[in-house]
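Here is the note you asked for on this model. Please read it with the structure open.

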Amino acid sequence: RPSGRLTLPGLFLLALVAATATAGALLVPATAGDTRRVAGATADPSSGVVPGLGTGVPLPPGATAVPALPGGTPLPGLSGSPLPGVTPGPGGVLPTGPAVGPAAGRPADALAAWAQTTGAKVGISPVAMQAYGYAELVLAETNRSCGLSWTTLAAIGFVESRHGQANGATLKPNGRAEDPLIFGLPLDGQGGRMLIRDSDQGRLDNDTTYDRAVGPMQFIPTTWEEIGADADNDGVKDPHNINDAALAAGRYLCKGSRNLTIPGDWWEAILSYNDVRRYALDVYNTANRYGQASRT
């Protein structure tokens, strides 16, 4: 299960899906300098949410249904494609049996070869690639109907923090983004930001007055308390660690029985986390770019 020490019973996947016709992502507030809405916070209902765009069944690759904004206005720049491109999934089988301790390394280390090869194609460090790929595999086992793809998680990681490198941070080999840690602006109600007073006594965000978005996937503390994960089996749910954050991101997007192979569910998931259409489009375009590059 994707909380506490991660244990995946039995053979994780007998055969991984070679291509994934979906993208799913957790959208969260941007790092310092942005005023977008916050993961888990109530969005402004007047801004609207993209209505259901799918037909209830996954669209095949190459389908041309065009997502639209409320009122029927097509989202710009989508080139007629309902979802980011079909992408090769992580190639490998995860370890079986009980979760291993820190001395045995991250479970995501099983994807080292795939992450090295695919990361070189798409321009993402192997450390981040392992986190995104492992999150896809965990959700494929624990929430099979969701259809989450690593491409969307990678797109979120890029838009939010340049894969753990925003504000001069460095993504360490263990997956932690630090030196300095990544924090968003205070959610003080100013500049279009929501007002969220301190909920964690500064434990996660180092702010005892207001909450701030935290880490490479930019969680607010209340959302992290709800859905935080320990994907690297070190005994800590750490929003500053891209392994934990990527898995939690996937879990968040798969909530509500969403099927992210359906365009309507994919856009709903994106906007449920950050109800800003420009942001959602940035994630779409980035995921699509990663998907295309991974097939070269």
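The points below go from the overall fold to single residues.

1. **Basis.** This is a predicted model, in which local features need pLDDT of at least 70 and side-chain atom pairs count only at pLDDT 80 or more, while totals for chains, interfaces and linings use all residues. Residues are numbered from 1 along each chain as its sequence is written, and side-chain values use heavy atoms, with hydrogens and water left out.

2. **Fold.** The chain holds 7 helices and 2 strands. Both kinds of element are DSSP runs, numbered from the N terminus: helices are H or I with at least four residues, strands are E with at least two. From the N terminus the order is α-α-α-β-β-α-α-α-α.

3. **Burial and surface.** The chain has 296 residues, and 54% of them count as buried. Buried means under 20% relative accessible area, exposed means over 50%, and partly exposed is in between (1.4 Å probe, protein chains only). About 11,500 Å² is exposed by the chain, 54% of it supplied by carbon and sulfur atoms. These areas come from the Shrake-Rupley method with a 1.4 Å probe; for residues, only the protein chains shown count as cover.

4. **Contacts.** A contact means heavy atoms within 4.5 Å. Among contacts in the chain with a separation of 6 or more, 66% are between residues 24 or more positions apart.

5. **Core.** The largest nonpolar core has 59 residues. Such a core is a set of buried Ala, Val, Leu, Ile, Met, Phe, Trp, Tyr and Cys residues joined through side-chain atoms within 4.5 Å. Helix 1 (112–122), helix 2, helix 3, helix 4, helix 5, helix 6 and helix 7 (277–294) each give two or more residues to this core. Helix 2 gives the largest share, 10 residues. I124, Y132, W150, M217, F219 and V283 have the most contacts inside the core. Take I124: leaving out residues up to four places away in sequence, I124 touches G119, M129, Y132, A154, H163 and Y290. In soluble globular proteins, nonpolar side chains tend to be buried together.

6. **Aromatic cluster.** The whole structure yields 5 aromatic pairs. Rings of Phe, Tyr and Trp (its six-membered ring) pair if their centres lie within 6.5 Å; planes under 30 degrees apart count as stacked, over 60 as edge-to-face and the rest as tilted. W266 and W267 are edge-to-face, because their ring centres are 4.9 Å apart and their planes stand at 85 degrees. W267 and Y284 are stacked, at 5.6 Å centre to centre with 15 degrees between the planes. This second pair links helix 6, which holds W267, to helix 7, which holds Y284, across 17 residues. Ring pairs thus join W266, W267 and Y284 into a cluster. W266 is buried at 0% relative accessible area. W267 and Y284 are buried too.

7. **Disulfide.** The count is 1 disulfide, defined as a pair of cysteine sulfur atoms within 2.5 Å. C146 and C254 form it, with the sulfur atoms 2.0 Å apart. The S-S torsion is about -80 degrees, so the disulfide is left-handed. C146 lies in the loop between helix 2 (126–142) and helix 3 (150–161), and C254 in the loop between helix 5 (242–253) and helix 6 (263–273), so the pair ties together parts 108 residues apart in sequence. C146 is buried at 0% relative accessibility, and C254 is buried at 3%.

8. **S199.** S199 sits in the loop between strand 2 (177–178) and helix 4 (221–227). S199 is partly exposed, with a relative accessible area of 33%. Beyond neighbours within four places in sequence, S199 contacts D211, P221 and T222. The side chains of S199 and D211 make a polar contact of 2.7 Å. That term covers a pair of N or O atoms within 3.5 Å; within protein, one must be able to donate a hydrogen and the other to accept it, and residues adjacent in sequence count only if both atoms are side-chain atoms.

9. **Backbone points to check.** Where is the cis peptide bond? It joins D179 and P180, with omega about 5 degrees. P180 is in the loop between strand 2 and helix 4. N233 has a positive phi near 60 degrees and is not glycine. N233 is buried, at 1% relative accessibility. S257 also has a positive phi near 60 degrees, but S257 is exposed, at 69%.
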